[in-house]
Number of protein chains: 4
Amino acid sequence: MIIVTKAGATREDIDHIRERVESLGLRTHLSVGEHRTIIGCVGDEARLQSIPLLSIPGVEAVHEVLKPYKLASREFSGGETRIPLGHGEIGPDGFSVIAGPCSVEGFDMMQSTARHVSASGAAGVRGGAFKPRSSPYSFQGLGEEGLRILAAVREETGLPVVTEVMDTRQVELVAGYADVLQIGARNMQNFALLTEVGRLHRPVLLKRGMSATIKDLLLAAEYVMSQGNMQVILCERGIRTFETATRNTFDLAAIPVLKRETHLPVFADPSHAGGSRALVPPLSYAAAAAGADGLLVEVHPDPERATSDGDQSLSFSEFEALMNGLTPFVEAVGRAVATAV
Amino acid sequence: MIIVTKAGATREDIDHIRERVESLGLRTHLSVGEHRTIIGCVGDEARLQSIPLLSIPGVEAVHEVLKPYKLASREFSGGETRIPLGHGEIGPDGFSVIAGPCSVEGFDMMQSTARHVSASGAAGVRGGAFKPRSSPYSFQGLGEEGLRILAAVREETGLPVVTEVMDTRQVELVAGYADVLQIGARNMQNFALLTEVGRLHRPVLLKRGMSATIKDLLLAAEYVMSQGNMQVILCERGIRTFETATRNTFDLAAIPVLKRETHLPVFADPSHAGGSRALVPPLSYAAAAAGADGLLVEVHPDPERATSDGDQSLSFSEFEALMNGLTPFVEAVGRAVATAV
Amino acid sequence: MIIVTKAGATREDIDHIRERVESLGLRTHLSVGEHRTIIGCVGDEARLQSIPLLSIPGVEAVHEVLKPYKLASREFSGGETRIPLGHGEIGPDGFSVIAGPCSVEGFDMMQSTARHVSASGAAGVRGGAFKPRSSPYSFQGLGEEGLRILAAVREETGLPVVTEVMDTRQVELVAGYADVLQIGARNMQNFALLTEVGRLHRPVLLKRGMSATIKDLLLAAEYVMSQGNMQVILCERGIRTFETATRNTFDLAAIPVLKRETHLPVFADPSHAGGSRALVPPLSYAAAAAGADGLLVEVHPDPERATSDGDQSLSFSEFEALMNGLTPFVEAVGRAVATAV
Amino acid sequence: MIIVTKAGATREDIDHIRERVESLGLRTHLSVGEHRTIIGCVGDEARLQSIPLLSIPGVEAVHEVLKPYKLASREFSGGETRIPLGHGEIGPDGFSVIAGPCSVEGFDMMQSTARHVSASGAAGVRGGAFKPRSSPYSFQGLGEEGLRILAAVREETGLPVVTEVMDTRQVELVAGYADVLQIGARNMQNFALLTEVGRLHRPVLLKRGMSATIKDLLLAAEYVMSQGNMQVILCERGIRTFETATRNTFDLAAIPVLKRETHLPVFADPSHAGGSRALVPPLSYAAAAAGADGLLVEVHPDPERATSDGDQSLSFSEFEALMNGLTPFVEAVGRAVATAV
């Protein structure tokens with residue numbers, strides 16, 4: 001931690017700041033400039049985080065030196081995390097595409113979707129049984145019936161199942177059916193929920209919140225990991241900005257920044273980022289080119305009749321074209337499309 | 001709902017769009033322009049919301065006509081909602097200031113805080129027992145012990161208690177102690193939690209999410225209200241933007257916009273919006289001037305030693321000065337500072 | 001300037017960094033931590049700004065210590081800047097309202113506007129002769145004829161005239177007619193234009209850019225001041241965010257932050273910030289309550305027939321009501337409405 | 001244009017709205033709903049843009065039907081615009097990389113840069129002679145001497161020259177030396193400058209403003225084109241958001257959205273978007289994968305000693321590696337790297 005004093009800070013102010021810092025077991029070094037003094041604090045920075053340094057008289061600015069996350073940081077790990085999924089894995093060698101409808105609407109549509117996306121090379125199938133909807137009057141999902149449908153479809157196709165959990169009370173239930181538990185963007189800072197999934201031995205797909213910084217996302221992962229669950233997949237899905245031509249603003253640069261900061265796998269969700277079917281291929285190709293480890297893509301047997309997110313869902317033939325189109329980009333980054341069956 | 005067709009939409013495209021809309025029981029009216037056709041859809045708009053209209057061939061744009069919220073809308077209610085609080089009320093005649101520390105740190109500090117803020121004219125005391133912290137390594141609150149302290153302080157001072165609930169499993173517990181349940185900004189779209197507090201007969205203070213639009217905030221209130229709980233207080237607390245000089249960007253205009261759109265009371269939280277003690281008075285005065293119904297303000301016996309948010313907490317004397325400073329602004333809008341005891 | 005090294009920085013890296021810094025005449029102090037070293041750089045920080053410190057091997061982060069603006073900074077000046085305007089002044093004792101139409105549309109409408117706003121207590125009249133319009137097909141203003149109309153209206157009413165200059169080639173022309181030259185939000189970082197108005201002896205009203213930080217705004221003021229023109233009025237007019245319920249997001253907190261950072265007067269433009277007539281009064285009252293030195297308000301004889309910005313323009317009677325409504329807020333901050341005639 | 005009335009709009013309100021619209025030569029169609037009436041306006045929409053429709057009593061919302069830009073719209077043009085550059089062209093078949101330092105610092109560094117980037121396959125050389133700097137105390141460029149150096153370097157290497165123009169008074173001067181005139185992000189809405197370069201017969205590279213929507217960017221291009229200059233290259237260079245891990249947020253989706261909306265070539269600037277050398281390759285690959293027509297990349301002989309933007313500049317060897325790395329991505333989209341010599 002670095003503390004910068006105000007222009008008019010007195011000798012007493014500076015002594016007082018040093019005392020506060022040193023009382024926590026850290027050492028201080030001064031750089032006395034003409035107008036301001038820089039106080040370098042050396043030692044266990046975490047202890048300083050609980051102190052409102054800016055409220056101490058004479059303090060103008062405080063700069064963190066160490067990253068606030070540890071388990072999630074690249075420095076912590078020997079190499080990149082690999083997460084087994086079905087007979088395959090999510091990790092640095094492959095490129096895993098998880099596809100399926102926004103909502104589980106029934107058995108037939110899930111079965112046909114799973115068969116088609118598997119045939120096109122998907123590594124998993126997604127579908128929401130519990131749906132976070134911004135209006136209380138929108139379809140909220142089939143609930144446990146949806147989970148049973150997902151499990152039945154896995155039984156038949158062998159495809160691992162990714163589905164969202166929204167409530168601490170449902171974690172056990174969802175974990176009874178799902179291969180990967182998804183935490184949605186709106187729950188990225190639902191710390192009770194993060195803590196609960198952190199107690200499982202089951203991979204967690206953590207979507208970036210709409211206004212979450214990359215640091216916030218890594219701290220959310222740290223919540224899960226601090227409970228013992230190291231199998232976290234991060235997912236960039238667009239952030240909220242002033243631009244209205246797309247549903248969200250796809251922060252592509254978050255992919256290489258995350259790959260530099262953390263050992264965890266990084267996915268992209270081109271469906272939510274762009275909000276439009278036509279944008280899914282270019283955003284997917286770009287994500288692969290930028291080093292993503294996989295994609296989460298919305299696919300529906302009949303997008304025009306989907307109960308949610310139809311505008312951004314691919315049809316089966318569009319998904320097949322996407323997977324074919326992806327190949328050269330995936331190969332150009334030295335990877336191969338990963339399957340799970 | 002208004003549907004605008006693409007420049008090249010054919011007669012068949014337009015017929016297909018009309019059929020889809022009319023099959024849901026709505027009527028359609030056409031305005032045929034040189035390049036595009038406008039299809040006005042008249043009837044129960046909610047039915048259309050489940051359809052991915054943009055994915056129908058020939059559709060270029062869709063514009064909503066009706067507001068997606070009903071119970072929360074101004075049109076729904078005969079007048080402004082008044083919410084009893086202690087012996088007073090939150091509503092259009094008064095200006096209610098709820099004050100206290102970010103976290104309940106112990107009985108003594110809560111007792112002295114409640115006494116002081118009550119003496120200065122506060123209408124309630126706040127304090128967090130369960131704390132949403134962005135790092136898993138930060139202080140997470142005293143939990144149920146914190147709730148017991150809050151109740152003991154209410155017993156003594158008579159001040160109603162406002163405290164946050166973060167987890168669906170804790171709703172009943174928190175409701176056993178609190179007069180008002182706070183939903184924090186990070187949980188504004190935790191729909192399971194909104195639904196759960198909607199089943200109580202207890203006021204809910206709903207803070208705006210960092211990237212929530214005003215419409216999102218009203219839809220979150222609608223979640224609570226759709227379960228039967230009409231006692232929702234909205235709270236503007238700053239949104240996330242590119243500006244870094246303040247902790248968040250205080251969206252002052254949200255106050256008059258909300259007062260126009262809804263009958264619910266509207267509060268402001270100058271402590272989180274500005275993130276700095278010095279900004280609390282000007283932001284508070286401005287909120288009162290813009291028509292807010294009250295404030296949520298952080299106060300601590302010794303801000304420099306607060307376990308959280310010390311940088312933005314007022315001392316007792318600063319809070320007293322704030323309350324004195326507020327009076328002419330509150331009177332200028334034809335209100336009076338409301339107390340609860 | 002403070003330099004923080006990477007975790008793996010070597011002794012040679014650190015020596016190389018110090019050499020680069022010391023070769024520019026600054027001294028360095030080291031705080032050696034377990035993982036990282038902090039290098040405090042003491043001396044003329046401006047010299048370091050020209051060096052790409054982050055591109056030096058071993059450097060992880062760089063933190064500025066000194067503010068990059070000097071003439072605009074509060075520390076530089078003995079007190080608050082007062083700017084004469086007509087027979088009055090803009091400054092800390094008064095509250096100056098400059099009102100008028102978005103565009104000068106003709107003599108009659110300007111004359112009646114000036115008379116009415118003067119009668120209601122305005123300190124100046126505004127009107128655009130050169131208009132920055134986002135579409136090349138929109139009305140671009142009357143040009144020099146508009147300037148002549150403004151001057152004629154000043155002749156008659158005595159009200160000082162504020163009008164925008166958009167092009168370096170027009171600075172001399174506009175300065176021949178205007179009492180205050182306005183730099184619009186879109187030109188806030190048109191550095192050639194800032195430099196040119198900096199050579200005049202004429203007050204400049206500098207509007208904050210839509211995505212300009214407070215620091216950017218102060219640096220833009222520094223551009224003007226570095227040429228010798230110290231009479232700069234800053235104007236908060238809303239920033240661009242994700243919220244679409246208002247035209248822009250009025251950053252109210254910028255007012256007290258600017259008053260703390262600089263000695264220059266700070267105005268607010270509630271018309272552009274909110275984009276709607278109904279929002280002008282609450283935003284104006286809030287700006288006064290937060291410590292602004294004045295307002296820029298759009299007023300039109302017949303808003304429904306305005307050639308631009310009619311949606312956010314007040315009628316004469318609405319402006320009169322605004323001025324009456326403002327009085328208690330202005331008095332509550334210890335000021336008086338300032339007139340110029 | 002579509003007008004939606006307020007819930008309480010009267011028959012007289014609606015008649016008045018229709019009269020205003022029809023008096024401008026448009027026809028109106030009504031869709032009368034239970035609560036609101038939709039008024040479709042058919043005819044020359046541009047005439048309505050000058051009217052403040054929202055200020056007419058009874059009007060709640062107004063939706064545009066037609067795009068506000070024409071010359072720039074995809075519908076206007078038969079196919080994609082191709083812009084000759086040296087012996088090559090910018091367009092849909094190739095992928096053109098323009099590279100060079102942020103600032104022209106002298107002849108030797110420009111000469112060696114041009115030679116190296118040409119050898120690696122660049123289609124043009126860039127370098128700033130007039131520099132927009134946020135501080136008046138930073139290096140402002142060599143001015144006309146910089147232009148002479150650029151021309152001398154072109155003479156020797158044959159590489160076309162791209163350089164920025166910041167001031168209407170310099171347009172003629174810069175056009176006397178440059179092959180492509182760049183308009184920087186901060187001047188994207190400097191309408192006087194756009195108009196002036198619109199009068200030239202010289203390609204213009206128009207960078208997106210930091211808070212400009214895609215629609216704003218296309219309207220800025222429309223300004224240039226409305227004066228007769230159809231040779232406009234658009235450039236995505238990152239927008240301003242809350243994320244601070246990167247200098248700006250690279251809006252990758254803007255590339256496919258622009259390719260759908262306009263016939264103009266679309267470039268990306270990975271150097272400014274990411275603000276860091278390490279991010280240039282992944283962002284470049286992603287831009288190619290998403291369908292960009294080319295890149296603008298900062299390259300410097302000795303980034304650590306660059307007078308500006310050194311943190312984000314590539315060295316010669318890094319640029320060579322970038323060009324080699326790009327090839328498979330460019331080929332995967334069916335293009336070939338375009339050269340100019």
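Here is a short conversation about a predicted model, on how two chains meet and how one sheet is built.

Visitor: Why are H10(A) and H10(D) called roughly antiparallel?

Guide: Helix H10 of chain A and helix H10 of chain D, residues 280–289 in each, pack at an angle of about 155°, with their axes 8 Å apart. Angles over 145 degrees count as roughly antiparallel, so H10(A) and H10(D) earn that description. The crossing of H10(A) with H10(D) is right-handed.

Visitor: What makes the contact between H10(A) and H10(D), by class?

Guide: H10(A) contributes A:Tyr285, A:Ala286 and A:Ala289, and H10(D) contributes D:Tyr285, D:Ala286 and D:Ala289. Ala and Tyr both count as nonpolar, so the tally is 6 nonpolar, no polar and no charged residues.

Visitor: How do you know how chains A and D are related?

Guide: Chain D superposes on chain A by a rotation of 180° with 0.0 Å of shift along the axis, at an RMSD of 0.0 Å. The two copies are therefore related as by a two-fold rotation axis. In chain D, the C-alpha nearest that axis belongs to D:Ala286, 2.0 Å away.

Visitor: Why do we say that the copies meet through the same surface?

Guide: Because 100% of the interface residues of chain D are also interface residues in chain A.

Visitor: Now the sheet in chain A: what makes E2 and E4 edge strands?

Guide: The open sheet has 4 strands in the order E2-E3-E1-E4, with antiparallel pairing. E2 (27–32) and E4 (59–63) each have a single partner strand, so one side of each lacks a neighbour in the sheet.

Visitor: How do you know that E2(A) pairs with E3 of chain A?

Guide: Pairing needs at least two bridges, and 6 bridges join E2(A) to E3 (residues 37–42), so the two strands count as paired. A:Val32 stands opposite A:Thr37 in E3(A).

Technical notes
Residues numbered from 1 in each chain as written. Chains lettered and ligands numbered in written order. Predicted model: local features only at pLDDT ≥ 70, side-chain atom pairs only at ≥ 80, totals over all residues. Axes fitted to C-alpha atoms, helices over the stretch in contact; angles between N-to-C directions. Parallel < 35°, antiparallel > 145°, perpendicular 65-115°, else oblique. Left-handed = near helix turned anticlockwise from the far one by under 90°. Contact = placed C-beta atoms within 7 Å. Least-squares fit on C-alpha atoms with pLDDT ≥ 70 in both.
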